[in-house]
Amino acid sequence: PGQAEMYAGLQELGVANGEDLKETLTNCTEPLKAIEQFQTENGVLLPSLQYALPFLDLHGTPRLEFHQSVFDELREKLLERVSAIALEGKVEERYKKLEDLLEKSFSLVKMPSIQPVVMCVMKHLPEVPEKKLKLVMADKDLYKACAVEVKRQIWQDNQALFGDEVSPLLKQYILEKENILFSNDISFLQNFFSPSPKTRRQGEVVQKLTQMIGKNVKLYDMVLQFLRTLFLRTRNVHYCTLRAELLMSLHDLEISEICTVDPCHKFTWCLDACIREKFVDNKRARELQGFLDGVKKGQEQVLGDLSMILCDPFAINTLALSTIRHLQDLVGQDTLPRESPDLLLLLRMLSLGQGAWDMIDSQVFKEPKMEAELITRFLPLLMSFVVDDHTFTVDQKLPSEEKGPIPYPSTIPEAFTKFLQENRIACEIGLYYILHITKQRNKNAFLRLLPALVETFSDLAFSDIFLHLLTGNLTLLSDEFALEEFCTSLFDGFFLTACPRKENVHRHVLRLLLHLHHKVAPAKLESLQKALEPTKQSGEAVKELYNQLSEKLELRKPSPAEVTETPSMELPLPTVPTPASR
């Protein structure tokens, strides 16, 4: 039945097939004559061939091989011709030719040898007749075989089918992001935010989605709708990154059909340049402000999209780094935060980004109100920490008098802790300030502020992005891990408070120890190994990391032979060179 179905289309075109030959041979008296007649009627009708074919027979070339090579040659010529027709003459005429060709050939679409031609004709038609699209859609093999140009026409009216195609790509994208955050390579030089926007857009998922969308605005809108829905359902901010990357990937290809209708295009383009530099300069700040101020009455819905673009961790990272830099500059200029329009704009954008989920969820499209205390109390507090550092550094350099050196301030103002617990923007900026001092190898400031991280707004200090960056920056303080006080503050006072309830924190601590275990004092390492032992509820990733750490620690232990030999060295015996201990 498969064979019969495959050649069924030939009969419609009046071309004989295997079934016809079978019937002829069944009902004839002279089979050889019947075969000869069938060959004459259905062979290549070229008079000159009558003499050439016997010549090929003498060379032992089977007729099938000959016909096959002629067929392949003709098919190639036909494919070239179809592609040429798609580019020549007036638009209506060329598409009329292709439609006629499709009408004649479509019945042979299941014939493997002819299928490429039919698919090629459909690929070049901007609008394949709906009846044909439905037939392709209903047949799994045909659907699989057709070009993405044809699939786009199917998808645009079948959101569920398009969703099935896009869904695995979105899952893959999220997984790739998480793999980077949990990577065993820990470094302050190379982290989650290191790749440039342009490099990120070359990723497999973004490229595939870009190709699937083509210039089709309807499909682009569908993907954005999927991303919004998934962001709402999961609160996963990586969907916001993909929203921006997809738009900029279409921008790179100059697909104006989509870029001109996406109201976020110019804003995203400008922000993309800031992300590339990891800083918002004054000129771009003005541009970004212009876009935000330019949202007209009745178009507030665009704020939902802009907030999603600003909620992208790469955007938040750039805005937060720029905020810390501005605060340091203000300290040098003796200026208060409220007097800096650039700083206020950064806070406005951070606030819009951090409010993305609430805005899209509530469908109330207005900018979140900025709390005055953030600007009048919290930021000056951060600036006072910067001043404390400067003062301490200067004090250290002054000749010490009898009263002895001035100790580093160890208390944290209660207001700072309260802000980190209750205000999302304050918490984000506070965490970036802590990353900043860690990167500066400022151990004193780090240990002073660390206790404030145990309880933060929505547990932000235990989020994967923060812990990924913190573990990377802590490698700069690697020598401090030998000190009991430092390890107790970091592990017992911070990490271990969350390990039992947060699997991701457990993973990040193990990542850090895998990297720095050789720096930690043996006694401390032993107690950490006990504290970090996986429970029955622990996931595979935690168990795997713990096993890797245990193996490394096992290798570090001195061998029993070495342990027993050591005491003998204390006896008053002549010294003998010993093998270098590992």
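Trainee: Which residues form the aromatic cluster?

Mentor: Phe-446, Phe-462, Phe-481, Phe-486, Phe-491, Phe-494 and Phe-495 form one cluster. Keep in mind that the model is predicted.

Trainee: How many aromatic pairs does a search of the whole structure find?

Mentor: The search finds 17. One of them joins Phe-378 and Phe-416.

Trainee: Why is the pair of Phe-378 and Phe-416 called stacked?

Mentor: Take the distance of the centres and the angle of the planes, because a pair of rings is described by those two values. Here the centres are 5.9 Å apart and the planes differ by 10°. The cut-offs are 6.5 Å for a pair and under 30 degrees for stacking. Both values pass, so Phe-378 and Phe-416 are a stacked pair.

Trainee: What makes this pair a link between distant parts of the chain?

Mentor: Phe-378 lies in helix H23, residues 372–397. Phe-416 lies in helix H24, residues 414–422. The two residues are 38 apart in the chain.

Trainee: How do you know whether Phe-378 and Phe-416 are buried or exposed?

Mentor: Buried means under 20% relative accessible area. Phe-378 has 0%, so Phe-378 is buried. Phe-416 also has 0% and therefore counts as buried.

Trainee: Back to the cluster. Why is the pair of Phe-481 and Phe-491 called edge-to-face?

Mentor: The ring centres are 6.1 Å apart, and the planes meet at 65°. Edge-to-face needs an angle over 60 degrees. The angle of 65° passes, so the name applies.

Trainee: What does the pair of Phe-481 and Phe-491 tie together?

Mentor: Phe-481 sits in the loop between helix H27 (464–474) and helix H28 (484–498), and Phe-491 sits in H28. The pair therefore ties parts that are 10 residues apart in sequence. Phe-481, at 1% relative accessibility, counts as buried. Phe-491 is buried too, at 0%.

Trainee: H28 again. How do you know the orientation of H28 and H30?

Mentor: Helix H30 covers residues 522–531. H28 and H30 pack at about 10°, with axes 11 Å apart. An angle under 35 degrees counts as roughly parallel, so H28 and H30 are roughly parallel to each other.

Trainee: Which residues make the contact of H28 with H30?

Mentor: H28 gives Glu-484, Cys-487, Thr-488, Phe-491, Asp-492 and Leu-496. H30 gives Lys-524, Leu-528 and Ala-531. By class, this contact has 5 nonpolar, 1 polar and 3 charged residues.

Trainee: Why are H28 and H29 called oblique?

Mentor: Helix H29 runs over residues 503–516. The axes of H28 and H29 come within 8 Å and cross at roughly 140°. Roughly antiparallel needs over 145 degrees, and roughly perpendicular needs 65 to 115. The angle of roughly 140° fits neither range, so H28 and H29 are oblique.

Trainee: What makes up the contact of H28 with H29?

Mentor: Leu-490, Phe-491, Phe-495 and Ala-498 come from H28. Val-505, Val-509, Leu-512 and Leu-513 come from H29. The classes are 8 nonpolar, no polar and no charged.

Trainee: How do you know how H19 and H20 are oriented to each other?

Mentor: Helix H19 (residues 302–311) and helix H20 (residues 313–333) pack at about 75°, with axes 5 Å apart. The range of 65 to 115 degrees counts as roughly perpendicular, so that is the verdict for H19 and H20. Ile-309, Leu-310 and Cys-311 of H19 touch Pro-313, Ala-315, Ile-316 and Leu-319 of H20. This contact has 7 nonpolar residues, no polar and no charged.

Trainee: What makes you say that a charge sits over the ring of Phe-314?

Mentor: The charged end of Arg-200 is 3.5 Å from the ring centre. The distance cut-off is 6 Å. Arg-325 likewise sits over the ring of Phe-279, 3.8 Å from the centre.

Trainee: What stands out about the phi of Lys-278?

Mentor: Phi is positive, about 55°, although Lys-278 is not a glycine. Lys-278 is in the loop between helix H17 (265–277) and helix H18 (282–293).

Trainee: Why is Lys-278 called partly exposed?

Mentor: Partly exposed lies between the 20% and 50% cut-offs. Lys-278 has 33%, so the label fits.

Note on methods:
Residues numbered from 1 in each chain as written. Predicted model: local features only at pLDDT ≥ 70, side-chain atom pairs only at ≥ 80, totals over all residues. Heavy atoms only, no water. Phe/Tyr/Trp six-rings, centres within 6.5 Å; stacked < 30°, edge-to-face > 60°. Helix = DSSP H or I, 4+ residues; strand = E, 2+ residues; numbered from the N terminus. Buried < 20%, exposed > 50% of the residue type's maximum accessible area, 1.4 Å probe, protein only. Lys NZ or Arg CZ within 6 Å of the ring centre and 35° of its normal. Axes fitted to C-alpha atoms, helices over the stretch in contact; angles between N-to-C directions. Contact = heavy atoms within 4.5 Å. Nonpolar A, V, L, I, M, F, W, Y, C, P; charged D, E, K, R; others polar.
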